Amino acid sequence: MSARDTILKRLRERMDGPLTAPESNFAVVTHRGWSGEERLARFEAMITSVHGEVIHVTDSDWTATLADVLNRKSIVRLALGREHPVAWAAREALAGSGIELIDVDRDVESWKREQFERVDAGLTSTRGAIAETGSLWLWPTPDEPRLLSLVPPVHIAVLDADAIEDTFFDVIEAHRWADGMPTNALLISGPSKTADIEQTLAYGVHGPKELVVLVRHTSRKGA
Amino acid sequence: MSAQSDSLHTFTPQAFHRQAHDALGNPQIRANFRRAMDGLMAKRRDVFSDWDLETLRELGANIRLRALAKLPTLLEQLEANCEANGIRVHWAEDGEQACRIIRELCEARGAKSVIKGKSMVSEEMHLNAHLEAAGITALESDLGEYLVQLNEQTPSHIIMPAIHLNTDEISAIMQAKTGTKKTRDVDYMTAAARAQLRERFMAADVGISGVNFAVAETGTLCLVENEGNGRMTTAVPPMHIAVTGIEKVVERLRDVPPLYALLTRSATGQHVTTYFNMISSPRKPGERDGPEEVHLVLVDNGRSSIYQDDELLDTLRCIRCGACMNHCPVYTRVGGHTYGTTYPGPIGSILMPHMLGLEATKDLPSASSLCGACGEVCPVKIPIPDLLVRLRKEAAGEGRGNVKGAGAKRSRKEVAAWKSWQWLATHPSAWRGSTKLAGKFSVLTPSRLGPWTDHRTSPKPAKTSLHVLVQQHQAQTAPSAKLPAKGGPAKEES
């Protein structure tokens, strides 16, 4: 008998007989009842408490702020996608700015070392965020692959303010994740960190040392 | 004792008492653990302050119980969904078989170097040693695991593997093994490790990881971490092998958020970890990175025998947060290596007897004051103290006898002594005669009675028993009163 069949047989022919499954009440992980303002404040407080940097921008001026951030952090080589509106707008705004824009829509094998050693920052969109824990959620795509938010020392993420939901449970339910999971789904809450050396917190152990979240607010008409 | 001298495999569960004695006499070990555990206890308390913790624990326990109630069906569902997503699933009855499966997968790809994320199951099956023997280098990528590996040790905590080392010791290890400068600058050491490991991520042929939750509904593998090494391990090398115990499965995706909330808060007092990584398939056509092949190895290694018994089953609810260790007065004082097992502390004491048998681990269930702290903090409400008592009974041969090595601690001398006592206590005249004799010859009682007298004075029977004293007293104060002629055994004067 194969290992699989042996294990399943032992589990099915349990000495103490069949087990009953208790019901689960998920109320404790949902229904926070926060307003939009409370959600935003909570998200910002939580992600900044773990060393994330939040900058509020409007959907009309965000690329100018992005350029400022790149300047301030002396980032000269920025990796980004092409198709997502975030990447598209950033490319347009940064063209001719002296920032080298690095394409990520190519197989990692062809530029692994370059990605690890030459890129200063990665720019990604996000699908949304979670107020309760200050987490961004990302589903990497061929346009914005997995390593874009991991390998460069700085990760700049663009988040729409109205895409913040209360809890992780709410996000999974509202967006029906169970109906079709992507290759890789991610929650990101702050830059990479460790406390393995005598409980002393250090950032950027393997992933980014810095996480900058540009929170985009809808600009009022005529403003 | 220097950090470097605690070499690999020095510690064994059989030598628990000697190791505990050594650890208690080591001020460095005691200070390192005490400081760390005090901090972790405070952080956990704070992070749950605005939660209805009892309701959340109730939900966590229910989710785990439901998963266990349906375990065989959920494992089949997980397998079917993983395979449909392109993840190959393998089954292993024990650690050796799991090691062989992983080695063969590596060999099939001609792999020479493996980068490993944190996985306690892989520690349990001694995967690194197995791969090394086959000429495959396996490097740990979690910083704590990396430091412990450089120091030729095993982890002393399931969440913080290098918690037994302080900054100076870590600096000395890194200097000796990697040539970094001697320093107390944690940022410098972290940056050095980052540089050393980035090369290895790029060069690795295979990435091996553990699994925190495996979702049957979607065929998704969830990984919880702060460093990003887990994401690197599962995204950079061309092949990813995930290895997990069969009990880590949950039924539905919606079961994950409550368990994740309990795990991070219980483990390190964090609201959330930096990364929550959910993997459902290998790289799809058109995708630019991620492994071409993903494998899942499901390991039994004693779990299906724990599953047989209604009481012991609760052990399998564990989500490996380590809160029971952080709050255990014994673990806090002796540290993780003292237990001599992969999983130390209270959870180790109820889990390892099933994996190694009670012959080897008979002292572990007694390595507890039964103060109940472990049971109180357990996020999924495992009644750890009850299970410790159950395993003590099994070790003494008084349980159901269905734990490997049951009765290993049974002593013929002890059994005979209690049997004689029982006989005496139920035969009043023999009892009175023997207490009289014991009083008369009390000078002859030995001053040492095995380990019992290590920290206690040996008892000496009184010249006159309490029974007789009471008789005399009553005769003096109330000459008419009579003691009952018959009754239970006379009380021994202590």
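Over the face of which ring does B:Arg254 lie, and at what distance from the ring centre? In this predicted model, the ring is that of A:Phe26, and B:Arg254 lies at 4.8 Å from the ring centre. The contact joins a residue of chain B to a residue of chain A. A further contact of this kind involves A:Arg106 and A:Trp111. Here the charged end of the arginine sits over the tryptophan ring, 4.2 Å from its centre.

Aromatic pairs were counted with a limit of 6.5 Å between ring centres. The count comes to 13 over all chains. One of the pairs is formed by B:Phe16 and B:Tyr339. The ring centres are 5.5 Å apart, and the planes meet at 55°. The pair is therefore classed as tilted, because only planes over 60 degrees apart count as edge-to-face and those under 30 as stacked. B:Phe16 belongs to helix H1 (residues 16–24) of chain B, whereas B:Tyr339 falls in the loop between helix H15 (329–334) and helix H16 (345–356), so the pair ties together parts 323 residues apart in sequence. Both residues are buried.

Aromatic residues of the two chains also meet in one cluster. Chain A supplies A:Trp137, A:Trp139, A:Phe168 and A:Trp177. Chain B supplies B:Tyr260 and B:Phe276.

Helix H12 of chain B spans residues 256–268. From first C-alpha to last, its 13 residues reach 18 Å, close to the 18 Å expected at 1.5 Å a residue. Of the 13 residues of H12(B), 13 are buried, so the helix is largely enclosed by the rest of the structure. Just after H12(B) comes B:Gly269, with a positive phi of about 70°.

Note on methods
Residues numbered from 1 in each chain as written. Chains lettered and ligands numbered in written order. Predicted model: local features only at pLDDT ≥ 70, side-chain atom pairs only at ≥ 80, totals over all residues. Heavy atoms only, no water. Phe/Tyr/Trp six-rings, centres within 6.5 Å; stacked < 30°, edge-to-face > 60°. Helix = DSSP H or I, 4+ residues; strand = E, 2+ residues; numbered from the N terminus. Buried < 20%, exposed > 50% of the residue type's maximum accessible area, 1.4 Å probe, protein only. Lys NZ or Arg CZ within 6 Å of the ring centre and 35° of its normal. Expected span 1.5 Å × (residues − 1).
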